[in-house]
Amino acid sequence: MEARAAVAEATTRGWRLRPLTLAKLAVFAACSVPLVVLVLRAFGFGESLGPNPTESVMDVLGKWGLRLLLVTLAVTPLRTIFAAPLLLGLRRMLGLFAFTYLALHFLVWLTLDRWLDVAAMLEDVAKRPFITVGLTALLLLIPLAVTSTAGWMRRLRRRWQRLHRLIYPAAILACVHYWWQVKADLREPLIYASLLALLLGWRVHRARASARARARSQG
Amino acid sequence: MRHRATHPALRSSEITPEAVYVNRRAILAAAGALVPSLVGALAAETLKYRRNAALSTNEPKNSYEDITTYNNFYEFGTGKSDPAKRSAKFRPVPWTVAIAGEAEVTGTFALEDLLAPHALEERIYRLRCVEAWSMVIPWVGFPLADLIKRFKPTSRAKFVAFRTVQRPAEMPGQRYPVLDWPYVEGLRIDEAMHPLTLLTVGVYGRELPNQNGAPLRLVVPWKYGFKGIKSIVEIRFTERQPPTSWSRSAPDEYGFYANVNPEVDHPRWSQARERRIGGAFLTPPRPTLMFNGYAAQVADLYRGLDLQRNF
């Protein structure tokens, strides 16, 4: 159902200033803000990136990637609870922004942090679970970003929805990645993990409820 | 306002003539007006010290700003900039330190009395954080060994335990149990007596700012930075190895020794390389040196000790 609705939404015509178009513009602007601010800071405008700029940049990109991943996962519950179908039209953009931030987070690690030292990176990936799970989360998201277009939705049909459930393990691994990276202060990772548990818990609850409803109508 | 302690180690002959310091204060005030965030730091009293070139590295020093704005001092918050932003309420004056445990002389002493007999020296040390970054810092202090000798530890004193002040009203980070407050650290007595181990009261020729551990902290340059306990209120001689905050928090990640060692990785990240703070974006990581480059001086302390197990 969801996939068909999404396809319908994605293929609706026109660039008139419908509510969805306006909402998309607003979301695009909002999601760009952290990145624009970061670039400005890197060039000396606004708050300094501090004595360890590479760490600051990775921190900002990683956190916004994770936050947007959670926002993306919040679309379906919010749309259902508030009966706001408009939200679905924003999901792809939110997901692609999350992916962009996380991919940049990885690229900064690769270049500015690891300095393209392949041997050291492979060692990190093999020996350090928090890096392994972070990289796995990003790899899981790549096919989702690639198949996010209307064309791929059409071609994959029902399989598209199944494929895009990879966002669940990816989000779990992203939370674990952040959790394991922190030294002692787990308050912020705990917030994200709790939100994720809530978002996934809602889905489990709804799946069970609809299974029960089906069983009842058949019985 | 920050405190204006007249430093007890000063003799009257060493006191700066009034005309000079009045002028200096005017300059500092002007500078302070231009850079408000540095007012507190610049107002800190300058110290009298000699340079110890023999025990200093020639590597380029980190800036005062790097050293005083990028800190791990969880008592003021877990962000690197928290200590500089959130330590203004902390009052390091007056200050007392308890000397306790296995020693002939024990008691609680005013900081001035504790410091009085010691001549200060500047030592430019590398600092390697367990988080794989490093700095080069001109500390001002004196050998911990010189202080320890005054209190005549007994033959039962095998370790030295240190404790940080606990003042949640002034240290907002202590209101959350991120670590089990107060922060505690410890050294083996031979490590404490090693000439490189510095009891530190200043940085860049000035008294320590709050975020760096005012008014008294430890610097052990061949160990990870967290061994350098800050704002010390107790020094206790013990027969048994004392608990240390980080090893109590995560025993499989942080040991008692915490010697810098590129061959013993932290379970969650490599210790083979480090990022020198203050370099531009485009600075490659540098290799971490055994005992942070102080192996020639300290390797003897650990003869026969399995450093993989005693990390």
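## What covers helix 9 of chain A

In this predicted model, the buried residues of helix 9 of chain A have several neighbours over them: the cover includes helix 3, helix 6 (129-146), helix 8 (158-164) and helix 10 (187-218) of chain A. Which residues of helix 9 are the buried ones? They are A:Ile167, A:Ala170, A:Ala171, A:Leu173, A:Ala174, A:Cys175, A:His177 and A:Tyr178.

As you look along this list, keep a general point about helices in mind. An α-helix has 3.6 residues a turn, so residues three or four places apart point the same way.

Helix 9 of chain A also lets you try a small calculation. Its 15 residues, at 1.5 Å a residue, should span 21 Å, and the C-alpha atoms at its ends are indeed 21 Å apart, so the expected and modelled values agree.

## How helix 3 meets helix 9

Two packed helices are described by the angle between their axes and the distance between the axes. For helix 3 and helix 9 (residues 167-181) of chain A, the axes come within 10 Å and cross at roughly 145°. The crossing of helix 3 of chain A past helix 9 of chain A is left-handed.

Try finding the contact residues in the structure. From helix 3 of chain A come A:Leu66, A:Leu69, A:Leu70, A:Thr72 and A:Leu73, while helix 9 of chain A brings A:Ile167, A:Ala171, A:Ala174 and A:Tyr178. Sorted by class, the residues of this contact are eight nonpolar, one polar and no charged.

## A closer look at helix 3 of chain A

Does the length of helix 3 fit the expected span, or depart from it? The 29 residues of helix 3 of chain A should span 42 Å at 1.5 Å a residue, and the end C-alpha atoms are 41 Å apart, so the two values agree.

Follow helix 3 of chain A along its path and you will find a kink of about 35° at A:Ala74, shortly before the proline A:Pro77. Just after this helix, A:Ala83 has a positive phi of about 45°.

## Where chain A touches chain B

The contact between the chains draws 15 residues from chain A and 19 residues from chain B. On the side of chain A, the elements that give two or more residues are helix 3 (53-81) and helix 5 (118-127). Helix 5 of chain A gives the most, with three residues. By class, this side of chain A has eight nonpolar, three polar and four charged residues.

## Chain B and two of its residues

Chain B has nine helices and 13 strands. Of its 311 residues, 43% are buried. Among contacts in chain B between residues at least 6 apart in sequence, 71% join residues at least 24 apart.

Now compare two loop residues. B:Pro60 sits in the loop between strand 1 (50-51) and helix 3 (64-69) of chain B. Is B:Pro60 buried or exposed? B:Pro60 has 11 other C-beta atoms within 10 Å, so this residue is exposed. Its C-alpha atom is separated by 7.0 Å from that of B:Val136, although the two residues are 76 residues apart along the chain.

B:Tyr257 lies in the loop between helix 8 (245-249) and strand 12 (273-276) of chain B. With 22 C-beta neighbours inside 10 Å, B:Tyr257 counts as buried, because the cut-off for a buried residue is 20 or more. Leaving aside residues up to four places away in sequence, B:Tyr257 touches B:Asn310 and B:Phe311. B:Tyr257 and B:Thr154, 103 residues apart in sequence, are 23 Å apart from C-alpha to C-alpha.

Methods
Residues are numbered from 1 along each chain as its sequence is written. Chains are lettered from A and ligands numbered from 1 in the order in which they are written. This is a predicted model: local features need pLDDT of at least 70, side-chain atom pairs count only at pLDDT 80 or more; totals for chains, interfaces and linings use all residues. Two residues are in contact if their C-beta atoms, placed from the backbone, lie within 7 Å. Helices (H or I, at least four residues) and strands (E, at least two) are DSSP runs, numbered from the N terminus. Ala, Val, Leu, Ile, Met, Phe, Trp, Tyr, Cys and Pro count as nonpolar, Asp, Glu, Lys and Arg as charged, and the others, Gly among them, as polar. Axes are lines fitted to C-alpha atoms, for helices over the stretch in contact, and angles run from 0 to 180 degrees between N-to-C directions. A crossing is left-handed if the near helix is turned anticlockwise from the far one by less than a right angle, and right-handed if clockwise. The expected span of a helix is 1.5 Å times one less than its number of residues. The bend at a residue is the angle between axes fitted to the seven residues ending there and the seven starting there. A residue is buried if 20 or more other C-beta atoms lie within 10 Å of its own, exposed if 12 or fewer, and partly exposed in between; C-beta atoms are placed from the backbone.
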